[in-house]
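Here's a quick tour of a few local features worth a look in your viewer. Pull up the model and follow along.

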Amino acid sequence: MKTIIKSLFALSFIFLLFSCIKDKKNEVLVLGTIHGNHLTSDEYSIEKLTKLIQEIKPDLILTEIPPNRFEEAMKGFKRDDSISEPRVSRFPEYTEVIFPLSKTMDFEIIPTAGWSASMARERQQKLRAISRDTLRKSDWKQYREANRKSDSIMAITGNRNDPYFIHTNTYDSISNIGLGAYNRLFNEELGLGGWDNINIAHYWNIEKTLQKYKYQNKRILITYGAGHKAWFLKELRKRDDITLLELKPFLDELK
């Protein structure tokens, strides 16, 4: 009888421990951004993005900023209340929204981009060479046609600057017409700058952060260009230690 009681107690303890851990799962939300278009879009303006992040109330914001550029960007922001670091200054979602909000909201900005200036230059050079190579005319034509097809379908299906539309499976499927062709034709050749390859590098940094803060009951917001969203979601859905959130309820609250 004592053995049975001990076994039941052990099982109860394990169940209770599992329940406590489950209750501490982090919430993760992937927010697709539109970079410079935030400055001109009515549907996804700087003001709306600001209110959206205020509504989400994240504890951590994982950003499309390379770790080796973050310190300089934050240093300039604290000194001048603006950002001049080239890699970061090109993204208004950071210069006009997230960095300013860090002064009034309690969240940590974490740089997770796997990108570098040398990778950008190399990719640009390789793509230019491919576009001019007479032996690659067929590949380049397929790539251009896939982009045109993606753009035309996007134009008649939804507004590519509407955050509601951006955060749908339909948007991801249409985007993948062009991005899928780009990846299939050039990923291996572009090396670290290839589409799969750069997403692997981004996600490696994202996953390190998810592991570091595992089971801490935090709300984690991932902010990258909208094209990356589907790639990240595919990987995030493999995890059983997080709860993935949809953006729609937060957008609804702004109405």
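## Helix H2 and its buried side

A residue counts as buried when its relative accessible area is under 20%. Keep in mind that this is a predicted model.

With that cut-off, which residues of helix H2 are buried? In this helix, which spans residues 46-56, they are Ile 46, Leu 49, Thr 50, Leu 52, Ile 53 and Ile 56. They sit on the same side of H2, because the arc they cover around the axis is only 165°. That fits the usual helix geometry: an α-helix has 3.6 residues a turn, so residues three or four places apart point the same way.

What do the buried residues of H2 pack against? Their partners are strands E1 (26-33), E2 and E4, plus helices H5 (92-101) and H12 (248-254). Right after H2 comes Lys 57, with a positive phi near 55°.

## Strand E2 and its two neighbours

Strand E2 covers residues 60-63, and all of them are buried. Leu 60 and Leu 62 point one way, while Ile 61 and Thr 63 point the other way. That's the textbook pattern, as side chains in a regular strand alternate between the two faces of the sheet.

E2 pairs with strand E3 (residues 108-111) in the parallel sense, over 4 bridges. With strand E4 (residues 219-225), E2 also makes a parallel pairing over 4 bridges. Leu 60 is a handy spot to check both: its bridge partner in E3 is Glu 108, and in E4 it stands opposite Ile 220.

## Arg 87, buried without a salt bridge

Arg 87 lies in helix H4, a short run covering residues 86-89. This arginine is buried, yet it has no salt bridge. How far away is the nearest side chain of opposite charge? That side chain belongs to Glu 64, and it is 4.3 Å away. A salt bridge here requires a side-chain nitrogen within 4 Å of a carboxyl oxygen, so the pair misses the cut-off.

Leaving out residues up to four places away in sequence, Arg 87 touches Glu 64, Pro 66, Arg 69 and Trp 115.

## Positive phi in two loops

Asp 81 sits in the loop between helix H3 (67-80) and H4. Its phi is near 65°, a positive value in a residue other than glycine. With 48% relative accessibility, Asp 81 counts as partly exposed.

Tyr 215 is found in the loop between helix H10 (195-212) and E4. Phi of Tyr 215 is positive too, near 55°, and this tyrosine is partly exposed, at a relative accessible area of 28%.

Conventions
Residues numbered from 1 in each chain as written. Predicted model: local features only at pLDDT ≥ 70, side-chain atom pairs only at ≥ 80, totals over all residues. Heavy atoms only, no water. Buried < 20%, exposed > 50% of the residue type's maximum accessible area, 1.4 Å probe, protein only. Lys, Arg positive; Asp, Glu negative; His and termini not counted. Contact = heavy atoms within 4.5 Å. Pairing = 2+ DSSP bridges. Arc of directions from axis to C-beta.
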